[in-house]
Amino acid sequence: MKLDNCSAVITGASAGIGREFARQLALHAQRMVLVARRGDRLEELRLELQARNPALRIEIEVADLSVLEQVMELGRDVSKDKPVDFLINNAGLGDYGAVSTADPKRLNEMIQVNVLAVTALTRALLPQMIAQNRGAILNVSSSAGFLPIPGFAVYAATKAYVTSFSEALRAEVRGSGISVCALCPGPVHTEFMAVAAQGQSRSENAPEFVHVPVEKVVRAGLNGIELDKALVIPGTFMKIGMALARLSPTVLMRLGWRFSQRRG
Ligand SMILES: NC(=O)c1ccc[n+]([C@@H]2O[C@H](COP(=O)([O-])OP(=O)(O)OC[C@H]3O[C@@H](n4cnc5c(N)ncnc54)[C@H](OP(=O)(O)O)[C@@H]3O)[C@@H](O)[C@H]2O)c1
């Protein structure tokens, strides 16, 4: 779908990848709805974007996407006056550590935001897109969704859901003028790591060379929509790495974990 003059909803626009989506879309969109819990951050972003494009209509929706009622209300509010034709399901969080010691509330929050909010918002906005014969849904998944990850088990499983959901949805809406794309970045420098570590110091496992700049991740995602791609993995190293990971037999993956446990 061509993004010029689109009417977009961006969840998780107060930081990181979502904020960059807003910045890059600001010159193309006609209307943008910015969603997150931190309204002050969204207001700051609104001022910045409005200065860059005075014609852009910017709306702010403060919502906690871990609360289903708020997600449902958001779905109703954003499409009341003007239909939405571009949904970026970007808000998400991780949580490092073993399942046995994780905070159950935190696991619940992660599943609510990463899985249930994505599903509910898609369900709320899709019928209008189908009726208009025009629309796009960009689901920000993760390369973590390609493989189970001990120590990041629930997060990786939520992202496996997002990738699978996106692929099936794409097939369901084929022929109705709607693009569905799963964006699967590897590590990106944002607030994500600090949130996932919850203030505890945790040395980042991923070496610097696998990180992809946030600007490049977002550009790849928007290109993915414009070119109607099913799946986008930004960065050459991650692309090759994930292709190999997806082809590897499960038995090899299990051996790898056993080996790394012995060394650790
Ligand atoms: N950074 C990475 O390495 C990486 C890699 C692959 C995929 N991803 C995915 O990229 C997406 C964006 O992450 P990021 O790296 O930009 O992280 P980030 O800098 O921590 O931003 C996360 C965004 O999600 C919002 N959010 C979190 N919980 C929310 C809630 N309950 N209700 C509403 N909004 C909520 C936050 O807003 P508020 O706190 O203001 O509510 C914030 O705007 C996530 O889906 C993440 O899984 C990230």
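Which residue in strand 2 is the bridge partner of Val 9? In this predicted model, the answer is Val 33. The pair belongs to a bigger picture: strand 1, residues 7-11, and strand 2, residues 31-36, run parallel to each other and are joined over 5 bridges.

Zooming out, the sheet is an open one built from 7 strands, ordered 3-2-1-4-5-6-7, with parallel pairing. Strand 3 (57-62) and strand 7 (231-232) sit at the edges with a single partner strand each, so one side of each has no neighbour in the sheet. As for what holds such an arrangement together, strands of a sheet pair through backbone hydrogen bonds, in either a parallel or an antiparallel way. Helix 5 lies across strand 5 (135-140), strand 6 (178-183) and strand 7, and its direction makes an angle of about 160° with strand 5.

Helix 5 (153-172) also turns up around the ligand: this helix and helix 1 (16-25) each provide at least two residues of the shell. That shell counts 29 residues, with Ser 14, Arg 37, Asn 90, Tyr 155 and Thr 190 being the closest. Sorted by class, it splits into 14 nonpolar, 10 polar and 5 charged residues.

Now for the polar contacts. The side chain of Ser 14 places an N or O atom 2.7 Å from an oxygen atom of the ligand. For Arg 38, a polar side-chain atom is 2.8 Å from a ligand oxygen atom. Glu 191 takes part through its backbone, where a polar atom lies 3.1 Å from an oxygen atom of the ligand. Overall, the ligand taken alone exposes 870 Å², and the protein buries 96% of that area.

Note on methods:
Residues are numbered from 1 along each chain as its sequence is written. This is a predicted model: local features need pLDDT of at least 70, side-chain atom pairs count only at pLDDT 80 or more; totals for chains, interfaces and linings use all residues. Side-chain values use heavy atoms; hydrogens and water are left out. A residue is near a molecule or strand if one of its heavy atoms lies within 4 Å of it. A polar contact is a pair of N or O atoms within 3.5 Å; within protein, one must be able to donate a hydrogen and the other to accept it, and residues adjacent in sequence count only if both atoms are side-chain atoms. Accessible areas come from the Shrake-Rupley method with a 1.4 Å probe; for residues, only the protein chains shown count as cover. Helices (H or I, at least four residues) and strands (E, at least two) are DSSP runs, numbered from the N terminus. Ala, Val, Leu, Ile, Met, Phe, Trp, Tyr, Cys and Pro count as nonpolar, Asp, Glu, Lys and Arg as charged, and the others, Gly among them, as polar. Two strands pair if DSSP finds at least two bridges between them. Contact means heavy atoms within 4.5 Å. Axes are lines fitted to C-alpha atoms, for helices over the stretch in contact, and angles run from 0 to 180 degrees between N-to-C directions.
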